[in-house]
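Hi everyone, thanks for coming. I'd like to walk you through a structure that's probably new to most of you, so let's get it up on the screen.

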Amino acid sequence: MTFPPPPQVPASTHQDEEHRTGLSKDALKRGFLDNLFCVQGKFPGLATRTDYQLALAHAIRDRLLHRWISTAAAYTAQGARTVAYLSAEFLMGPHLGNNLINLGIWPQAEQAMAELGLDLDQLLSDEVEPGLGNGGLGRLAACYIDSMATLGIPSLGYGIRYEHGIFQQEIDDGWQVEKTDRWLRNDNPWELMRPEWSVEVKLGGQTERKVDGQGRQHVRWVPDRTVNAIPYDTPILGYRGNTANTLRLWRAEAPEAFDLDCFNRGDYFGAVNRKTVLENITKILYPNDETLQGKQLRLEQQYFFVSASLQDMMRILRTQRLPIEAFHEKFAIQLNDTHPAVAVAELMRLLVDEQQLEWDAAWAITRRTFGYTNHTLLPEALEQWPVPLFGSVLPRHLEIIFEINAQFLKQVRERLPGDEALLSRLSLINEHGERHVRMAHLACVGSHTINGVAALHSELLQRDVLRDFHTLWPEKFTNVTNGVTPRRFVALANPRMSALIDDTLGPGWLTDMARLERLEDFADDSAFRERWRAIKLENKRKLAARVLRDTGVALDPESLFDVQVKRIHEYKRQHLAVLNVVDTYIRLRDDPNLVTVPRTFLFGGKAAPGYRAAKVIIKLINAVAEVVNHDPAVRGLIKVVFLPNFNVSFGQDVYPAAEVSEQISTAGKEASGTGNMKFMMNGALTVGTLDGANVEIREAAGAENFFLFGLTVEEVEALWASGYHPQMRLAANPRLKGVLDLIGSGHFSRGDADLFRPLLDTLIHHDPYLLLADFDDYVACQQRVDNAYRDTGRWTRMSILNSARSGRFSSDRSIADYARDIWKVSPVNVPLLTREDVRSVSVQ
């Protein structure tokens with residue numbers, strides 16, 4: 001690679017500031033070379049591609065830091081009320097491309113790198129993706145902090161800096177194999193360690209009590225171990241503005257790194273063992289909790305980041321010289337699901353034990369501080385901790401929870417006397433069998449607002465999952481439908497379509513997605529349709545090239561791309577889609593004259609390491625692919641591919657290429673879904689049940705632009721109530737029986753008839769997610785998809801209208817709802833500081 005000599009950088013103060021913070025092509029070149037030499041310590045003759053990528057990242061980070069410091073100064077000066085978003089996951093995706101989009105300097109960066117003999121696209125592809133989330137929950141948190149910055153909402157995202165994120169998924173003989181995710185192998189250029197703000201987190205031990213001279217009892221927690229929480233800050237830039245908020249992730253560090261006495265005695269393992277055990281807290285995302293040790297580690301993880309975050313908020317309160325009684329006025333804390341729910345007890349501990357507030361005053365502050373977002377309708381997903389385990393890790397918090405529960409149940413008795421069954425259902429302690437702490441109940445009692453994440457989800461929460469709490473406090477409940485950021489999932493992922501929309505509507509739609517509705521005026525414009533189709537085809541070709549590189553499978557870009565990418569789970573029903581593939585395969589094999597639309601079925605997603613059934617579904621997909629893709633009887637009309645290691649960056653290639661979005665969960669099981677929104681924004685048509693946000697997507701797109709199938713929530717409930725017998729359903733359906741029989745015969749498993757027997761037995765004898773009940777309607781729906789796709793004009797029109805009507809699913813709308821209705825926060829204008837300003841500002 002030829003690399004020109006570094007340009008001469010003028011020595012003036014103005015030019016020095018420009019090359020660190022300027023957005024021009026020449027400023028970026030100077031900043032890049034500066035960081036290559038001074039940060040990476042390399043010159044071009046020794047530099048690797050990784051060095052170049054990191055040098056560019058540091059150059060872009062310099063621009064972020066200018067806005068970050070300006071933001072901190074503005075927030076401090078205005079004493080702004082701040083949102084603290086607590087989430088166990090932040091699935092950010094690669095930062096570089098997103099920051100170039102938000103700074104508005106993609107063309108400048110591309111030209112700067114080209115003039116230095118480098119390819120920006122290659123540097124972007126070299127960035128390591130931080131896998132700090134498992135799926136929708138973490139990706140939602142990432143979208144939300146992007147939107148908070150874009151809208152100018154003062155906020156801090158708090159989470160865990162896992163050393164190893166969600167596992168890297170490899171496929172070996174069709175089976176998922178988990179490999180360690182070493183996302184920090186090249187360091188993380190976007191973060192800054194803040195050791196001066198580290199805090200101590202206590203664990204285990206016991207409590208002691210004493211009474212002071214005024215007769216007031218004081219409780220002291222005496223832990224048996226402590227761990228330091230070290231914050232790492234990443235600036236999160238808003239779109240085309242000056243606001244850069246903070247994502248603060250905590251790493252566990254042992255107070256003593258090395259026991260010299262043990263080492264000198266020859267106990268080399270003992271010299272480092274305590275450090276290893278304590279630092280395991282942030283070692284890996286979601287350790288397997290099938291064992292007691294795994295459960296303990298997960299509880300310790302949750303408490304660790306919650307305690308560190310609340311202590312950090314106390315520090316900010318002190319820095320701004322605000323009284324502890326103003327905590328709820330300064331901070332609006334949002335609990336992203338039940339993982340951080342222990343924050344309710346921890347804030348009470350800090351207020352009562354550390355700050356010496358009276359219980360009632362502390363409880364009033366606590367309940368005015370927290371909002372709780374519920375993300376599930378599955379009872380088994382509502383976290384509960386065995387009381388003995390909880391007490392061994394957090395003895396003081398168990399006492400506090402018992403006291404909260406006692407006072408809460410007393411209020412319930414006074415308000416609704418004589419209903420012991422109600423008290424049992426509402427209690428923070430599940431007394432059935434082994435006693436458990438119900439974390440969702442703690443969040444409900446300790447929060448001022450409880451929200452679901454889609455209209456149907458919120459309705460079902462109030463009617464079923466949290467019915468008793470809704471009866472008690474109907475005013476607490478509200479809905480905020482999820483959203484996704486169009487900056488990453490349209491502007492970055494689909495630049496061709498974004499350019500077409502810019503040409504058609506002008507700029508501004510990325511922060512005002514309602515403007516997309518004007519695309520409806522072009523849905524019947526033949527020239528616009530032609531450009532729309534050409535862009536989709538190019539996106540399909542791009543994805544096909546990646547799939548060929550990653551899997552060796554060649555795809556036909558002219559075929560219909562039918563996509564289902566999401567976490568693998570039985571309720572999401574990837575195996576229902578497989579049953580349809582097998583049915584199509586049988587029909588093509590049995591009828592050589594059958595004409596069908598050529599279709600490529602793309603699957604992707606990870607199964608939890610301990611979830612055997614989900615792993616078998618992945619194996620089934622790959623087994624069917626192995627046979628179907630090589631059987632000449634199908635005449636190339638269908639192809640099946642499993643996309644290994646699906647993640648955010650892979651999604652940026654998949655969403656723009658998809659033409660059918662499979663959202664086929666059993667009605668009443670999915671809280672919302674956000675993949676469905678990303679597909680819709682990019683012009684894919686949804687095949688879906690009336691579940692989660694599908695209901696609102698269909699309402700927005702129009703029923704005629706959505707492929708609906710399946711039982712409704714009411715029909716599902718009625719079917720179970722009347723007695724559902726899948727064996728009878730199967731016996732009456734020869735077509736379905738043929739599909740299951742072929743799978744069970746070993747046809748897709750190299751003659752092994754037992755391989756998929758457990759999966760088939762579950763369907764035949766139990767079918768908990770009603771695949772057999774929905775099969776006929778699903779197959780018929782797929783025929784309607786075929787018919788629509790044959791009419792190119794009609795399909796293109798439907799695609800355009802889906803994108804045009806997707807504006808309500810922007811995360812900007814979601815955050816505006818939270819800010820207005822739950823957090824009661826207002827945007828803050830951030831002026832960019834000059835260098836002279838920075839010298840005179842005391843930064844928080």
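Let me start with a question: which residues in helix 12 are buried? Here's the list: Ala343, Val344, Ala345, Glu346, Leu347, Met348, Arg349, Leu350, Leu351, Val352 and Asp353. That's eleven of the twelve residues of the helix, which runs over residues 343–354, so helix 12 is largely enclosed by the rest of the structure. Just after helix 12 you'll find glutamine 356, which takes a positive phi of about 65 degrees.

Before we go on, keep in mind that this is a predicted model.

Okay, let's zoom out. The protein has 844 residues, and 61% of them count as buried. There are 35 helices and 23 strands in there. A compact globule with 844 residues would have a radius of gyration near 28 Å, and the protein has 28 Å, so the two agree. If you prefer to think in box dimensions, the C-alpha trace spans about 90 × 80 × 65 Å along its principal axes. And if you take contacts with a separation of 6 or more, 76% of them come from residues 24 or more positions apart.

Now, strands. Look at strand 7, residues 206–211, and strand 8, residues 217–222: they run antiparallel and are joined by six bridges. Within that pairing, glutamate 208 stands opposite arginine 220 in strand 8. The hairpin has five residues between the strands, and glycine 215 there takes a positive phi near 80 degrees.

Next is an open sheet of six strands, in the order 20-19-18-21-22-23, with parallel pairing. Why do strand 20 (638–643) and strand 23 (707–708) each have one side left without a neighbour in the sheet? They stand at the edges, each with a single partner strand, so there's nothing from the sheet on the other side. Strand 23 pairs with strand 22, residues 685–688, in the parallel sense over two bridges. In that pairing, glycine 688 has leucine 708 in strand 23 as its bridge partner. Then there's helix 33, residues 792–804, which packs on the sheet and touches strand 18, strand 21, strand 22 and strand 23. Its direction makes about 90 degrees with that of strand 22.

That helix takes us to the aromatics. The structure holds 21 aromatic pairs. One of them is phenylalanine 707 with tryptophan 795: the ring centres are 6.0 Å apart and the planes are at 25 degrees, under the 30 degrees cut-off, so the pair is stacked. Phenylalanine 707 is in strand 23 and tryptophan 795 is in helix 33, 88 residues apart, so to speak a link between distant parts of the chain. Buried or exposed, you ask, for phenylalanine 707? At 5% relative accessibility, phenylalanine 707 counts as buried, and tryptophan 795, at 6%, counts as buried too.

Tryptophan 795 also forms an aromatic pair with tyrosine 789, and this one is edge-to-face, with 4.9 Å centre to centre and 85 degrees between the planes. Tyrosine 789 is buried as well. Elsewhere, ring pairs link Phe489, Phe646, Phe650, Tyr655 and Phe679 into a cluster.

Last item: charges over rings. Arginine 315 lies over the face of tryptophan 197, at 4.1 Å from the ring centre. Lysine 540 lies over the face of phenylalanine 561, at 5.0 Å from the ring centre. That's my tour, thanks for listening!

Terms used: Residues numbered from 1 in each chain as written. Predicted model: local features only at pLDDT ≥ 70, side-chain atom pairs only at ≥ 80, totals over all residues. Heavy atoms only, no water. Pairing = 2+ DSSP bridges. Helix = DSSP H or I, 4+ residues; strand = E, 2+ residues; numbered from the N terminus. Contact = heavy atoms within 4.5 Å. Axes fitted to C-alpha atoms, helices over the stretch in contact; angles between N-to-C directions. Phe/Tyr/Trp six-rings, centres within 6.5 Å; stacked < 30°, edge-to-face > 60°. Buried < 20%, exposed > 50% of the residue type's maximum accessible area, 1.4 Å probe, protein only. Lys NZ or Arg CZ within 6 Å of the ring centre and 35° of its normal. Rg over C-alpha atoms; globule rule 2.2 N^0.38 Å.
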